[in-house]
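Student: I am new to this structure and would like a close look at a single part of it. Please take me through that part step by step.

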Amino acid sequence: MTDWKRKLSSRKFWALLAALITSLLTAFGANNDTVIQVIGVIGTLGAVIAYILAEAYVDGKSSGAMGTDKLE
């Protein structure tokens, strides 16, 4: 089964997606302004998703550490 959390937080995944979409837009004759705007949106979404998942991971780890301290 695919670990989507890990994939979505991967810079390699977002670089691949940007390259794929750039190639498709160029192949279908999109102008440079459109390609640049689409790549900007992909980069922004990738950064936001990676940040959200990283923060969720850190928060989950810190709440787990707090929970074990209370049990002792």
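Tutor: A search of the whole structure, which is a predicted model, finds one aromatic pair. The partners are F13 and W14: their ring centres lie 5.4 Å apart and their planes meet at 80 degrees, so the pair is edge-to-face. An angle over 60 degrees is what that label requires. In general, a pair of aromatic rings is described by two values, the distance of the centres and the angle of the planes.

The two partners fall into separate classes of accessibility. W14 has a relative accessibility of 13% and therefore counts as buried, the limit being under 20%. F13, with a relative accessible area of 22%, is partly exposed. For the protein as a whole, 7% of the 72 residues count as buried.

Now to helix 2, which covers residues 11–27. At its start, a side-chain oxygen of S10 comes to within 3.2 Å of the backbone nitrogen of K12. The helix has 17 residues, and at 1.5 Å a residue these should span 24 Å. The C-alpha atoms at its ends are 24 Å apart, so the expected span and the model agree.

L24 also belongs to helix 2. Its relative accessible area is 42%, so L24 is partly exposed. Together with L20 and F28, L24 forms a nonpolar patch on the surface. The accessible area of these three residues together is about 350 Å². For the whole protein, the accessible surface comes to about 5,900 Å², and carbon and sulfur atoms account for 66% of that surface.

What follows the helix? G29 comes after helix 2, and its phi is positive, near 80 degrees. N31 sits in the loop between helix 2 and helix 3, the latter being residues 32–71. With a relative accessible area of 45%, N31 is partly exposed. The side chain of N31 is joined to the side chain of T34 by a polar contact of 2.7 Å.

As for the setting of this part, the protein has three helices and zero strands. Read along the sequence, the pattern is α-α-α. To return to the starting point, the aromatic pair found in the search joins F13, which is partly exposed, and W14, which counts as buried.

Note on methods: Residues are numbered from 1 along each chain as its sequence is written. This is a predicted model: local features need pLDDT of at least 70, side-chain atom pairs count only at pLDDT 80 or more; totals for chains, interfaces and linings use all residues. Side-chain values use heavy atoms; hydrogens and water are left out. Patches are made of residues with over 30% relative accessible area and no salt bridge: like charges are joined within 9 Å, nonpolar side chains (Val, Leu, Ile, Met, Phe, Trp, Tyr) within 5 Å. Accessible areas come from the Shrake-Rupley method with a 1.4 Å probe; for residues, only the protein chains shown count as cover. A salt bridge is a side-chain nitrogen of Lys or Arg within 4 Å of a carboxyl oxygen of Asp or Glu. Helices (H or I, at least four residues) and strands (E, at least two) are DSSP runs, numbered from the N terminus. Buried means under 20% relative accessible area, exposed over 50%, partly exposed in between (1.4 Å probe, protein chains only). Rings of Phe, Tyr and Trp (its six-membered ring) pair if their centres lie within 6.5 Å; planes under 30 degrees apart count as stacked, over 60 as edge-to-face and the rest as tilted. The expected span of a helix is 1.5 Å times one less than its number of residues. A polar contact is a pair of N or O atoms within 3.5 Å; within protein, one must be able to donate a hydrogen and the other to accept it, and residues adjacent in sequence count only if both atoms are side-chain atoms.
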